[in-house]
Amino acid sequence: MSGALSSSCRYDFYQTTADVVVNIYARNQPEKDVKVQLERDAVMLISSPCFSEPLVIPLWGQVTPNFTVRVLAPKIEIVLKKKEPSVTWVALTRDATQSPASSSTVASQAASAEAHSSSSARPSSKWDTLDLSDADDAPPAGSGDAELNAFFQKLYADADPDTRRAMIKSFQESGGTALSTNWEDVSKQTMEVRAPDGMVARKFEQ
């Protein structure tokens with residue numbers, strides 16, 4: 001992957017069964033200046049004032065020629081259609097010297113990714129999809145169920161300021177065990193830690 005990013009511009013992706021969604025977190029980009037195109041061998045080129053030069057992304061898997069682009073206030077959203085639905089991409093990009101992954105190579109790469117994941121010191125959680133450290137920042141993609149990832153990312157990205165504040169306050173105060181979108185309710189109380197049934201919440205002591 002080539003192309004320089006400004007310090008305020010980053011990108012990530014998540015996927016569903018049929019789609020790969022690329023989010024570029026660049027605020028207030030002029031829609032007329034955002035250009036996206038697909039080249040042969042599944043290479044995506046993105047031109048935007050966010051980048052000092054066009055961003056070139058060799059995609060991990062194959063996609064159809066059909067894609068959509070939405071330029072929103074906090075980000076640019078690109079929705080790509082997988083050429084082979086139900087194939088899980090292990091990454092957004094591949095080495096520029098490699099060919100796009102197809103069903104014949106998916107099994108071995110997916111097995112490798114699973115083995116790497118299983119050796120992680122901490123198991124993944126659905127809450128890993130939320131980065132609520134900054135009320136004005138959109139959450140990155142993470143591990144967990146793809147459909148749940150898509151739901152929480154869209155909920156946060158499209159929310160109004162009060163809803164975002166409610167999500168941040170409830171998530172932080174409850175230690176990640178509760179998430180509310182009702183600011184009128186959340187603003188009047190401290191959200192308690194809600195341990196799962198059969199478990200007891202304990203504070204960490206150094």
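This is a short talk on the strands, the core and the salt bridges of one predicted model.

I will begin with the overall layout. The protein chain has 206 residues, and buried residues make up 35% of them. Its secondary structure amounts to 4 helices and 7 strands. Read from the N terminus, the order is β-β-β-β-β-β-β-α-α-α-α, so to speak of the strands is to speak of the part before the helices. The chain exposes about 12200 Å², and 50% of that is supplied by carbon and sulfur atoms. As for contacts, take those between residues at least 6 apart in sequence: 50% of them join residues at least 24 apart.

Now the sheet with β4 in it. Three strands form an open sheet in the order β3-β4-β5, and the pairing is antiparallel. The edges are β3, residues 35-39, and β5; each has a single partner strand, so one side of each lacks a neighbour in the sheet. On average, and ignoring direction, neighbouring strands here are turned by 20 degrees against each other. Between β4 and β5 there are 4 bridges, in the antiparallel sense. One residue pair to look at is Val43, which stands opposite Pro58 in β5.

Staying with β4, please find Ile46, which lies in that strand. Is Ile46 buried or exposed? Its relative accessibility is 0%, so Ile46 counts as buried. What does Ile46 touch, leaving aside residues up to four places away in sequence? The list is Ile24, Lys35, Val36, Phe51, Pro54, Leu55, Ile57 and Ile78. There is also a distance to note: Ile46 and Val56 are 10 residues apart in sequence, and their C-alpha atoms are 6.6 Å apart in space.

Next is β7. This strand pairs with β2 through 6 bridges, and the two run antiparallel. Within that pairing, Val21 stands opposite Val79 of β7. β7 is also joined to β6, residues 63-71, by 6 bridges, again antiparallel. Here Val69 has Ile78 of β7 as its bridge partner. The link between β6 and β7 is a hairpin, with 4 residues joining the strands. How many residues of β7 are buried? The count is 6 of its 7 residues, and the strand is mostly covered.

That brings me to the core. The largest nonpolar core holds 26 residues, and those touching the most other members are Val22, Ile24, Met44, Ile46, Leu59, Ile78 and Leu92. Which elements give two or more residues to this core? They are β1 (10-15), β2 (19-25), β4 (43-47), β5 (55-58) and β7 (76-82). Two residues on the first of these lists have already come up: Ile46, in β4, and Ile78, the partner of Val69. A further one is Leu92. Not counting residues up to four places away in sequence, Leu92 touches Tyr11, Phe13, Val20, Val22, Ile57, Pro58, Leu59 and Trp60.

Last, the salt bridges. A search of the whole structure finds 6, and I will go through some of them.

In the first example, Lys32 bridges to Asp33, with the closest N and O atoms 3.3 Å apart. Lys32 has 62% relative accessibility and counts as exposed, while Asp33, at 32%, counts as partly exposed.

In the second, Arg70 bridges to Glu77, and the closest N and O atoms are 3.1 Å apart. Arg70 is partly exposed, with a relative accessible area of 35%. Glu77 is at 10% relative accessibility, and because buried means under 20%, Glu77 counts as buried. This pair belongs to a network of salt bridges that links Arg70, Lys75 and Glu77.

The third takes us to the helices. The side chains of Arg165 and Asp162 meet in a salt bridge at 2.2 Å, N to O. How many residues apart are Arg165 and Asp162 in helix α3? They are 3 residues apart in α3, residues 161-173, so about one helical turn separates them. Arg165 is partly exposed, with a relative accessible area of 38%, and Asp162 counts as partly exposed at 35% relative accessibility.

To go back over the main points: β7 pairs with β2 and with β6, the other sheet runs β3-β4-β5, and the largest nonpolar core has 26 residues.

Note on methods
Residues numbered from 1 in each chain as written. Predicted model: local features only at pLDDT ≥ 70, side-chain atom pairs only at ≥ 80, totals over all residues. Heavy atoms only, no water. Core = buried A, V, L, I, M, F, W, Y, C linked by side-chain atoms within 4.5 Å. Buried < 20%, exposed > 50% of the residue type's maximum accessible area, 1.4 Å probe, protein only. Contact = heavy atoms within 4.5 Å. Pairing = 2+ DSSP bridges. Areas by Shrake-Rupley, 256 points an atom, 1.4 Å probe, with all protein chains shown as cover. Axes fitted to C-alpha atoms, helices over the stretch in contact; angles between N-to-C directions. Salt bridge = Lys/Arg side-chain N within 4 Å of Asp/Glu carboxyl O.
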